[in-house]
Amino acid sequence: MDADALTDARRAEWERLDRLSRERLDGAGVDELIVRYRAASADLAELKTTVGESPQGSYLSTILVRARLRLTGASDSILTQVSRFFALQLPAALYRLRWTTLVIAVSFIAIVVGTAAWISSDPALIATLGPPDMLAQYADESFTGYYTENPAAVFMGMVWTNNAWIALQCVLFGITGIWPVNVLVQNAMGLGISGAVMAAHGRADVMILYILPHGLLEMTCIFVAAAGGLHLFWSWVAPGARSRGESLAAEGRSLATVAIGLVFALFLAGLVEGFVTGWALPWPVKIGIGVAALAVFLIYMLVVGRRAVLRGETGDLVEYEAGTPRLVAG
């Protein structure tokens, strides 16, 4: 086939397709665009089959790309996507987890307090935790020294990466239904045991003062991550009208949003732990900073999140990114 001859024969049709892809169209114009797009696609296929790469094929490809974008639309710019993520998708996904997060927080605190009270009330149980001199050193030096033994920036990086990894595990491995619960129970019991040792040596107030500045936000983030993981588990246990695969995919996309958002929230908690908790500041100032950090997160989760949900957001990707959903009855 002669590429020049085909180009001469089809040039007017290709130019018409190019004009349609640039103009404002009514229904008839859209129909014509589709017909001419299909015809030009057939011409391009014929050119590539018989001639291979050619200037005529490149010219036609350019026209077809523009027409295809007119038919299918284009993805938003990166700035638009980032703005939508932080203004709508992330707060909506967090807001959906609010009640599960509250139940997890209450359960966690109950385990910590119960474990600490049970062990500290019996000297025999305290003795099983280690030699008396070692426990005394932990209560008097090691617990508080943990926050100052490394440079603030190094310590902040350590706790941030560790906590972010724990949060990601809770979300991503939440599909098992076991992992988040195991992580929470282990951490609650460990914190309760530490509390028992500190209480036995009359240092319970020191422990509370050192944990509150960063722990308010840090533990809330872990609770949210665990709630996300359990929602992921429940999405395939009770998918509702959707298939299990569709339910799991939708919930997984929303909770991946949560996992990404918690990385930023835990960065803020890490800053407080690294640069506030161990510093020589008045305790009311330290705790006030921790309360302010938690307040910012809760306002974002509950107030901004509620507004986003009322606008129809779920935390999932928009249809262009996620693909067209399958309609189901009911």
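The questions and answers below concern the helix packing, the pockets and the cavity of a predicted model.

Q: What makes helix 5 oblique to helix 10?
A: Helix 5 (residues 98-120) and helix 10 (residues 204-237) pack at an angle of about 120 degrees, with their axes 8 Å apart. Angles of 65 to 115 degrees count as roughly perpendicular and those over 145 as roughly antiparallel, the rest beyond 35 degrees being oblique, and therefore helix 5 is called oblique to helix 10.

Q: In which sense, left-handed or right-handed, does helix 5 pass helix 10?
A: The crossing of helix 5 with helix 10 is right-handed.

Q: Which residues make the contact of helix 5 with helix 10?
A: Helix 5 contributes Thr100, Thr101, Ile104, Ala105 and Phe108, while helix 10 contributes Met219, Phe223, Val224, Ala226, Ala227, Leu230 and His231. By class, the residues of this contact between helix 5 and helix 10 are nine nonpolar, three polar and no charged.

Q: How do you know which residues of the contact of helix 5 with helix 10 are polar?
A: The nonpolar class takes in Ala, Val, Leu, Ile, Met, Phe, Trp, Tyr, Cys and Pro, and the charged class Asp, Glu, Lys and Arg, so Thr and His fall among the others and count as polar. Thr100 and Thr101 of helix 5 and His231 of helix 10 belong to the contact, in agreement with its three polar residues.

Q: At what angle do helix 8 and helix 9 pack, and which residues meet?
A: The angle between helix 8 and helix 9 is about 145 degrees, and their axes lie 8 Å apart. Ile166, Gln169 and Cys170 in helix 8 meet Trp179, Pro180 and Val183 in helix 9, and the contact divides into five nonpolar, one polar and no charged residues.

Q: What lines the largest pocket, and which residues lie nearest its centre?
A: The lining has 31 residues, and Ala105, Ile109, Leu216, Met219 and Phe223 lie nearest the centre of the largest pocket, whose volume is about 780 Å³. Two or more residues each come from helix 5, helix 9 (179-200), helix 10 and helix 12 (283-310), with helix 5 giving the largest share, 13 residues. The lining of the largest pocket comprises 24 nonpolar, six polar and one charged residues.

Q: Which helix gives the most to the lining of the second largest pocket?
A: Helix 10 does, with six residues, while helix 7 (132-145), helix 8 (152-172), helix 9 and helix 10 each supply at least two. The second largest pocket has a volume of about 500 Å³, and of its 21 lining residues Tyr147, Asn187, Leu191, His214 and Glu218 lie nearest its centre. Its lining holds twelve nonpolar, seven polar and two charged residues.

Q: Why is the space lined by Leu44, Leu47, Lys48, Gly52, Glu53, Ser54, Gly57 and Ser58 called a cavity?
A: A cavity is a set of points where a 1.4 Å probe fits but cannot get out, whereas a pocket is an open set, so the name states that the probe cannot leave the space lined by these residues. About 40 Å³ lies in this largest cavity, and the structure holds one cavity of 30 Å³ or more.

Q: What makes the lining of the largest cavity two nonpolar, four polar and two charged?
A: Leu counts as nonpolar, Lys and Glu as charged, and Gly and Ser as polar. Leu44 and Leu47 are thus the nonpolar residues, Lys48 and Glu53 the charged, and Gly52, Ser54, Gly57 and Ser58 the polar.

Terms used:
Residues are numbered from 1 along each chain as its sequence is written. This is a predicted model: local features need pLDDT of at least 70, side-chain atom pairs count only at pLDDT 80 or more; totals for chains, interfaces and linings use all residues. Side-chain values use heavy atoms; hydrogens and water are left out. On a 1 Å grid over the protein atoms alone, a cavity is a set of points where a 1.4 Å probe fits but cannot get out, and a pocket is an open set with protein on both sides within 12 Å along at least five of seven lines; lining residues have an atom within 4 Å of a point. Grid points are joined across faces, edges and corners, and a volume is the space filled by probe spheres set on the points. Axes are lines fitted to C-alpha atoms, for helices over the stretch in contact, and angles run from 0 to 180 degrees between N-to-C directions. Helices (H or I, at least four residues) and strands (E, at least two) are DSSP runs, numbered from the N terminus. A crossing is left-handed if the near helix is turned anticlockwise from the far one by less than a right angle, and right-handed if clockwise. Contact means heavy atoms within 4.5 Å.
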